[in-house]
Each structure stands twice: as structure tokens, then as C-alpha cells.
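Q: I have a fold on my screen and would like to learn how to read it. Could you walk me through it, one feature at a time?

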Amino acid sequence: MISSYSDLIQASYSQQEPQRLLFVFCRAELPDEASPEEKAAFERGEGGALTPVVCVDKTPDEAPDFATLHEESRATGQSWDVVFVAAMSGRGGTPPSTDEAQQPLTMMVESIRLGHINNYLPLDTQGNAVSLG
């Protein structure tokens, strides 16, 4: 069971093949056509839509701890509330390249835009797994 970024990194190192991690940072936003009930819920920290604002791929060695990843994300100037993470396995002892990660990363962004998030690990701004429902 992965409950934090630290658990994710440990799990990535225990895989048979080297991994490349895909990250999509999202900001919670209230849709323009939100009802008064939805607006009230959003103000309580509930609901809203998750909008991808930054995406990146890294090997576990390139982002060994959440503080490193968080600091790099802050340098983009984009605020975010949740980051979704997925992993790709390499072949023959070599992790996937950034080029190989581009199409899956693009598909991940589109999937999140459509609300299909069940295949990804959501983490909060502290690097802890969160339940979205």
C-alpha cells in the first residue's frame, strides 16, 4: 500500500525494471457555471474540477524526495493542489526515456481532464496520498 511519495520511491526501486515517473500537477478550480451549493462546498475545500497546470517525467533518482519535486514545481510559478503520479517500466535494465514518456504523459493529462483518475496515485502538497471521491 502506497500512502506517501516516500513509499512510491521505495516501490519504484523494488521493481524488476527501472522506472520513469510521470507527474501531472493540478489546481482545483470552480467551474464558471457552478451552483450556489457547489460554490459553498468549494469554499469548504470540497468539490471543484482538477485542471492540469504542469506535467513532467522523472526517474526516481531525479526526484528522490518530495521536497525536491515540490521545490521544482514551485519554480514554474504555477500553484497546484494535487499531483497525480504514474510509473512506466523500462526494458533490459534501462528506464524509459523522456521521449518515450511524452505520449503516455499527454494521454495522462487528457485522462485527468476527463475525470478519469483511478489509474493514478494522487498526492497532496505534502506528498501524502489522498482519496478523491
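A: Let's start with helix 4, whose buried residues pack against strand 1, strand 2 and strand 3. Helices (H or I, at least four residues) and strands (E, at least two) are DSSP runs, numbered from the N terminus, and contact means heavy atoms within 4.5 Å. This is a predicted model, where local features need pLDDT of at least 70 and side-chain atom pairs count only at pLDDT 80 or more, while totals for chains, interfaces and linings use all residues. Residues are numbered from 1 along each chain as its sequence is written, and side-chain values use heavy atoms, leaving out hydrogens and water.

Q: Which residues of helix 4 are buried?

A: Buried means under 20% relative accessible area, exposed over 50%, partly exposed in between (1.4 Å probe, protein chains only). In helix 4 the buried ones are Ala101, Leu105, Met108, Val109, Ser111 and Ile112.

Q: Where is the kink in helix 4 centred?

A: The bend at a residue is the angle between axes fitted to the seven residues ending there and the seven starting there. Here a kink of about 25 degrees is centred on Pro104. Right after helix 4 comes Gly115, with a positive phi near 90 degrees.

Q: How do I read the sheet?

A: Strands of a sheet pair through backbone hydrogen bonds, either parallel or antiparallel. Two strands count as paired if DSSP finds at least two bridges between them. In this model, 4 strands make an open sheet, ordered 2-1-3-4, with antiparallel pairing. Strand 2 (49-58) and strand 4 (121-123) are the edges, each pairing on one side only. Between strand 1 (residues 19-29) and strand 2 there are 9 bridges, and Arg27 stands opposite Thr51 in strand 2.

Q: Which strands does helix 3 touch?

A: Helix 3 (residues 66-74) packs on the sheet and touches strand 1, strand 2, strand 3 and strand 4.

Q: And what about nonpolar cores?

A: In soluble globular proteins, nonpolar side chains tend to be buried together. A nonpolar core is a set of buried Ala, Val, Leu, Ile, Met, Phe, Trp, Tyr and Cys residues joined through side-chain atoms within 4.5 Å. The largest one has 15 residues, and Tyr5 and Phe23 touch the most other members. Helix 1, strand 1, helix 3, strand 3 and strand 4 each supply at least two residues of this core. A second, separate core of 14 residues includes Phe84, Ala86, Ala101 and Tyr120.

Terms used:
Axes fitted to C-alpha atoms, helices over the stretch in contact; angles between N-to-C directions.
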